[in-house]
Amino acid sequence: MAGRGRPRRFDRQAALRTAMRLFWEHGYEGTSLTVLTSAMGITPTSLYAAFGSKDGLFREAVELYNAPEASPTDRAMGAPTAREAVERMLRGNADAYADPDTPPGCMVVLSGINLAEGHEHVGRYLAGLRRADLDKVRARIRRGVEEGDLPAGADPDVLASFAVTVLHGLSVQARDGAGRERLRAVVDGAMAGWDRIAR
């Protein structure tokens with residue numbers, strides 16, 4: 001039997017996955033410390049000892065969600081052409097956003113909405129991650145121009161902004177209840193639009 005006062009052992013990765021799902025579904029503001037510790041099966045003291053703070057736990061949860069090996073966006077950037085990379089990004093994320101086994105939408109887009117005063121740093125952190133995705137897409141499009149699979153006059157800034165705006169819109173639509181077929185139809189329309197502005 002464990003001695004009195006000894007911290008209860010727990011599976012840190014399993015607890016982190018639980019926290020990730022809660023933040024993903026309810027957002028940073030909507031996920032209280034009480035809800036976290038209850039769902040994770042730990043005390044507030046154990047949470048602070050393992051993760052430092054709610055902020056620290058949130059950042060680790062976002063990092064787990066946004067890990068390159070799990071990201072449809074990162075996987076898509078390896079496609080042979082810029083157009084295919086963008087289409088794979090949109091279709092892969094649309095399917096992920098509508099997966100019935102996970103909360104709908106994108107954690108990076110949705111978990112920092114309507115932050116209270118004092119939590120602006122959470123919004124800045126998530127905005128930085130979204131800018132990083134925009135940079136990835138822009139770089140892939142620039143490569144497409146350099147390699148000739150896009151016209152020399154194609155504007156990487158406009159095309160990347162268009163693609164990422166559609167991506168974020170898909171996330172909001174999924175949170176509002178749009179299913180996979182609806183999201184795929186939006187991607188069909190977006191790629192038709194891409195073809196018009198990528199000339």
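**Note on the α1–α4 packing, Thr31 and the largest pocket**

1. In this predicted model, helices α1 and α4 pack with their axes 8 Å apart and at an angle of about 95 degrees. Because angles of 65 to 115 degrees count as roughly perpendicular, α1 is described as roughly perpendicular to α4.

2. On the α1 side of this contact stand Arg12, Gln13, Leu16, Arg17, Ala19, Met20, Phe23, Trp24 and Tyr28, which meet Lys54, Asp55, Leu57, Phe58, Glu60, Ala61, Leu64 and Tyr65 in α4. Taken by class, the residues of the contact comprise 11 nonpolar, five charged and one polar.

3. Thr31 lies in the loop between α1 and α2 (33-40), and with a relative accessible area of 0% this residue is buried. Leaving aside residues up to four places away in sequence, Thr31 touches Leu22, Phe23, His26, Leu36 and Lys54; of these, Phe23 and Lys54 also appear in the contact of α1 with α4.

4. The largest pocket, with a volume of about 390 Å³, is lined by 23 residues, and those nearest its centre are Trp24, Tyr65, Ala70, Pro72 and Ala96. Two or more lining residues come from each of α1 (12-30), α4 (54-65), α5 (72-76), α6 (82-97), α7 (107-110), α8 (120-147) and α9 (156-175). The lining itself has 13 nonpolar, six polar and four charged residues.

5. Which residues connect points 2 and 4? Trp24 in α1 and Tyr65 in α4 take part in the contact of the two helices, and both are among the residues that lie nearest the centre of the largest pocket.

Conventions
Residues numbered from 1 in each chain as written. Predicted model: local features only at pLDDT ≥ 70, side-chain atom pairs only at ≥ 80, totals over all residues. Heavy atoms only, no water. 1 Å grid on protein atoms, 1.4 Å probe; cavity = no way out; pocket = protein on both sides within 12 Å on 5 of 7 lines; lining within 4 Å. Points joined across faces, edges and corners; volume = space filled by probe spheres on them. Helix = DSSP H or I, 4+ residues; strand = E, 2+ residues; numbered from the N terminus. Nonpolar A, V, L, I, M, F, W, Y, C, P; charged D, E, K, R; others polar. Axes fitted to C-alpha atoms, helices over the stretch in contact; angles between N-to-C directions. Parallel < 35°, antiparallel > 145°, perpendicular 65-115°, else oblique. Contact = heavy atoms within 4.5 Å. Buried < 20%, exposed > 50% of the residue type's maximum accessible area, 1.4 Å probe, protein only.
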